[in-house]
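Hi,

Here is the structure I said I would pass on. Have a look, and my notes follow underneath.

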Amino acid sequence: GALPAVTTTTHTVLLDRSHKGTRLDRVLAQALPSLSRARIQGLMEDGHVLLDGVVARASHKVRGGETCVVVEPIPTAVSLVPQDLPLDILWQDSHVLLLNKAAGMVVHPALGNPDGTLVNAILFHIQDLKGISGEVRPGIVHRLDRDTSGVMVVAKSDQALQHLQAQFKARTTHKRYLALVRGVPKTARGTFNTPFGRHPVHRQRFTGRTGDRNAVTDYLVLGTFDGVTALELTLHTGRTHQIRVHLSEAGWPILGDDLYAGHATAALAPRQMLHATLLELQHPVTNAVLRTVAPPPPDLEGLARQLGLWTAVETWLTALRRNTSAHPPGSPNPR
């Protein structure tokens, strides 16, 4: 007869006396790096963790000498629909996906847009997702606004997601953006270091004038022509709309940003001219440096050419690419 299909993964952990007095969920999270502590707690709640043959509780204090069996059910198909949408993959391996998000694409399904998102596209194109919290879905580590294009990292497993989220939280990742703005800064470089929060009146907007969080953005002028400037922006914090807010409140709104620039720049650009160009982080498993440069999309390049700024932008891109020698051995060089 046919062999039964494998539907679960089983981990057996022998608990020794060195863990005496420690909570079981904590010991298991250390012993099984592929599972997050939250995931282990979820498995315990569902009765999938046995301690000497009895269903275990997360708060159980380890005595030492027990045998713990963790049964990981096969990841269930999530209710998200895989959709054959274009996906610009810059680099991937079995843990991590680096892609160049198109402008106009929402990252995650939500009430207003249940499909047509980046997640739907990833589910279609990527076949080796290992599952996040028991569901076959990509691990979204960070987001880009709908109309912002550029490089994003996506985790293929719980382990990769935990590691990458920790890097973003600790601010050890390096992110550089390209923006075309109306106006010319008085200095060639500078830093915005402001409070940050929701706008008290316009609830869809944020502001760098008040708020209980802090936001830090560096800017560098790449070139300026006829009242329009190309800027490099380095993010030190990852607040929602951070770059758009800092630039508009400085008096240099991003071209095409209808929320923060009003209609003043809409004639020049149909969407905000903001592109996440460079992302540098540590590979969650090999610890190699992943440094990826995503080329700007045709609409941004076309506008920069039309405005006489493309030469300055191209020089900057070439310099960024020159430093992309640090990529995993045996991998294609990120474009």
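**Strands and helices**

Strand 6 and strand 7 make a hairpin, with 3 residues between them. Strands here, like helices, are DSSP runs numbered from the N terminus (E, at least two residues, for strands; H or I, at least four, for helices).

Before going on: this is a predicted model, so local features need pLDDT of at least 70 and side-chain atom pairs count only at pLDDT 80 or more, while totals for chains, interfaces and linings use all residues. Residues are numbered from 1 along each chain as its sequence is written, and side-chain values use heavy atoms, leaving out hydrogens and water.

Back to the hairpin: strand 6 (residues 88-92) pairs antiparallel with strand 7 over 4 bridges (pairing takes at least two DSSP bridges), and Ile-89 has Leu-99 as its bridge partner. Strand 7 also runs antiparallel to strand 10 (residues 149-155), joined by 6 bridges, with Leu-98 partnered by Val-153. Of the 6 residues in strand 7 (96-101), 6 are buried, meaning under 20% relative accessible area with a 1.4 Å probe, protein chains only. Val-96, Leu-98 and Asn-100 point one way, and Leu-97, Leu-99 and Lys-101 the other.

There is also an open antiparallel sheet of 4 strands, ordered 1-4-2-3. Strand 1 (8-14) and strand 3 (54-55) are at its edges with a single partner strand each, so one side of each has no neighbour in the sheet. Helix 1 (residues 24-31) packs on this sheet, touching strand 1, strand 2 and strand 4 (contact is heavy atoms within 4.5 Å).

Cheers

Technical notes
Axes fitted to C-alpha atoms, helices over the stretch in contact; angles between N-to-C directions. Buried < 20%, exposed > 50% of the residue type's maximum accessible area, 1.4 Å probe, protein only.
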